Amino acid sequence: MPYPKCSWRVKRAAAFAAFVVPTLIRAAAPAIDLEDPAARARLPEFKVIPAAQPNELTPALPVPAEQFTGWTRSQGDNGARRYSALKQIDRTNVRQLEVAWTYHSQDGATNVQCTPIIVDGVLFAPTPGRAVIALDAATGRELWRFKLEPVTRIALEDAPARRGLIYWPGDAQHSRRILFGCGNWIYALDPKTGAPITEFGEKGRTPLPTGATVSGAIFRHVLVTAGLYGDAYGYDVRTGKNLWRFRSIPKGDEFGADTWRGVDERQIGANGWGGLSLDEQRGIAYVAFGAPRPDMDGTNRIGDNLFSDCVVALDVLSGRRLWHFQNIRHDIWDLDTCAPPNLVTIVREGRRIDAVSAVSKSGILVLLDRVSGKPIFPFRLRRAPVSKLPGERTAPYQPDPELPEPVSRMEFDPAEITTRTPTAHEVVKKQVERSSYGFFVPFEEGKPNLFIGSRGGMEWSGAAVDVPTGRLYVTSNRWVSKITVITNDERERDPRQPPTAGEKLYQLHCLACHGPKREGTAMVPPLLSLKNRTNDAEVKTLLKTGRGQMPPNLLLNEAETADLLDYLFRRNQPLASAGSSAKAGTRPRTNYTFNGFQFLVDDEGYPGIQPPWGLLNCYDLSTGKIIWRVPLGEIEELTQRGVPKTGSQNLGGASVTAGGLVFCAGTADQRLRAFDVDTGEELWSARLPFAGSAPPAFYEVNGREYVVITATGGGRVGGPAGDAYVAFALPAANGNGKRVAGQQP
């Protein structure tokens, strides 16, 4: 069946549907093992976590202004504010911006999610070809390139500086360095030459057990970072020695271990891919941990699942937990706390206080006192419905805050069904009638569940903070997930039998991302129950073309492809003989899986909800109120039909300057935009060679201000993938205001 016209959305959704997130349940629960809706209904409808009292709020400490004139961490500074005090580019002249330089790495094409850093006129960034480069920040000329070691199978953690890198200026005894993660290592490079710092770890790298993904933050001599597959770590930035480890899934008698009942050592989740921030005055790190795994099913992880969906405050020097705040309890919807927490200073009752904010895919913005972790506003919880899946135990309450105002609500309302055309409305209406939806409604077997969240709300790109005003700028999406949970009846190979040819090929080409038992890892979807969801032809096509962050496989011949498909579709797995024990692998490894990250769309593939579908939002955090919100992104084929701007799916993120501007990209129309910080008016935009794929950065060289954007496209936003970094600046001029002849554009 051909794809609808809106192919850049539907093709990706269909591809993701073929490879879906698993469950890791060991044995089916009894059919009568259901929650009691009557008992749940007897609970009070609301509970409230009280706000901090005025005398409990933490007075603001001064922050050195000079830390906002540079960009030495991908998130701008340790506080993840993405704010620049530069103001040469402002609201009066932004329309004059022009391309200062464009750099192409020419070593591949893939979605790079890292914002560059700039130190002393040199820009540092990763490339699609697994290298880290240094560029002359004024011209884009390459100065050096550090190529990472080759890997047999590329997984998410194998992208160097995947979501950030950081600069350390050194001290009297130790040289300055650029630090980033790749694979299961943290690397330290000489900023001048790109050579590894040999005193750091072993030949310039030190182990990171749970995989690299985010940029660290540094306090005194301690580098704090988080692992893609969970946990936070402290390292001596001088030597690379590991100082401490905080487990995001507690073990044994650790605090919170009793919130994971029924798990074993294989339990995954509470990933650290969201990132972290750090209070340099107080020595506190704030780490965002994501949802528990598996998605959509919690029958093997009964409890609230600390520290998933949490902001955790850690003492930087010791790794000791100071406090935690959990947003979603026992998350079965993939509603991660998904981005580095932002350090903010706001005004309450006439006093400036220090707080920390955190965004999530659920659309909920959490605002907490920085020292105590108590909410700034009363945090309301609402009674949630029970599950109809045998063995599931949902949390009795889920967040329903009034302030700060949510960016979006996770529950879908049928009143929001698209009215784009009568046909579109009817197509979506019929889907809704066959689905479940509502406030944290759990899944029913075989019935689609509609909710807003697995693609945002907010996303990994997070938010930016206008430091002088305490305003927060955050991009968001309004796409309705359509998830169907199904029983998994697959059986694993009898471990006493040798692996098939197809299994060996899987281990070579697929295991690194999709897991040893096809269960998926972190954000990579699983390959369970493919026979219920797709066919040989579709998988063959996907292997040849790739999709999103999955590269094409050009190494398999026809016979090898057939062997791999036999394994994926479980056509030739040697099973245990009759009468053998369950330990021989005869039981299905999971109870449930689901039909992929699908979305509610109309007959042409557009979102089944009324626009806007993508937004830029501005908060006054002192009041918790949204000041303005505007559509972000343009779907050009709808504009040509006379449809007002709808906004589009976006995964770029905003950055803000003292020039009264907020910049963001990350939309499928491949544009970088500048908005007025006070009104949300779009003042300028420029088309990029590929879609922006990370938040922009700002810097100054020789008195000239630049804004630079990672433009590599691809990924979940769609469109072609590339290899570009693009810098914009005002026209170079001499003392008479005229353009300097010969200035490199």
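How much area does the protein expose, and what share of it do carbon and sulfur atoms supply? In this predicted model, the exposed area is about 27,200 Å², and carbon and sulfur atoms supply 52% of that area.

**Overall composition**

The protein has 745 residues, of which 62% are buried. Its secondary structure consists of eight helices and 40 strands. Among contacts with a sequence separation of 6 or more, 65% link residues that stand 24 or more positions apart.

**A five-stranded sheet**

Strands of a sheet pair through backbone hydrogen bonds, in either a parallel or an antiparallel sense. One open sheet in the model contains five strands in the order β2-β34-β35-β36-β37, and its pairing is mixed. Strands β2 (83-84) and β37 (682-687) occupy the edges; each has a single partner strand, so one side of each lacks a neighbour in the sheet. Within this sheet, β34 (residues 654-657) pairs with β35 (residues 661-664) in the antiparallel sense, and four bridges join the two. V656 has V662 in β35 as its bridge partner.

**Packing of α4 against α7**

Two packed helices are described by the angle and the distance between their axes. For α4 and α7, the angle is about 95° and the axes lie 7 Å apart. An angle from 65 to 115 degrees counts as roughly perpendicular, and α4 and α7 are therefore roughly perpendicular to each other. The table lists the residues that each helix brings to the contact.

| Helix | Range | Residues in the contact |
|---|---|---|
| α4 | residues 501-509 | A501, G502, E503, L505, Y506 |
| α7 | residues 558-568 | E560, D563, L564, Y567, L568 |

By character, the residues of this contact comprise six nonpolar, one polar and three charged.

**The surroundings of L651**

L651 is placed in the loop between α8 (636-639) and β34. Is this residue buried or exposed? Its relative accessibility is 8%, and residues under 20% count as buried, so L651 is classed as buried. Leaving aside residues up to four places away in sequence, L651 touches E459, W460, S461, N477, G666, S693, R716 and V717. L651 and A691 are 40 residues apart along the chain, and their C-alpha atoms are separated by 9.8 Å.

How values were computed
Residues numbered from 1 in each chain as written. Predicted model: local features only at pLDDT ≥ 70, side-chain atom pairs only at ≥ 80, totals over all residues. Heavy atoms only, no water. Pairing = 2+ DSSP bridges. Axes fitted to C-alpha atoms, helices over the stretch in contact; angles between N-to-C directions. Parallel < 35°, antiparallel > 145°, perpendicular 65-115°, else oblique. Contact = heavy atoms within 4.5 Å. Nonpolar A, V, L, I, M, F, W, Y, C, P; charged D, E, K, R; others polar. Buried < 20%, exposed > 50% of the residue type's maximum accessible area, 1.4 Å probe, protein only. Areas by Shrake-Rupley, 256 points an atom, 1.4 Å probe, with all protein chains shown as cover.
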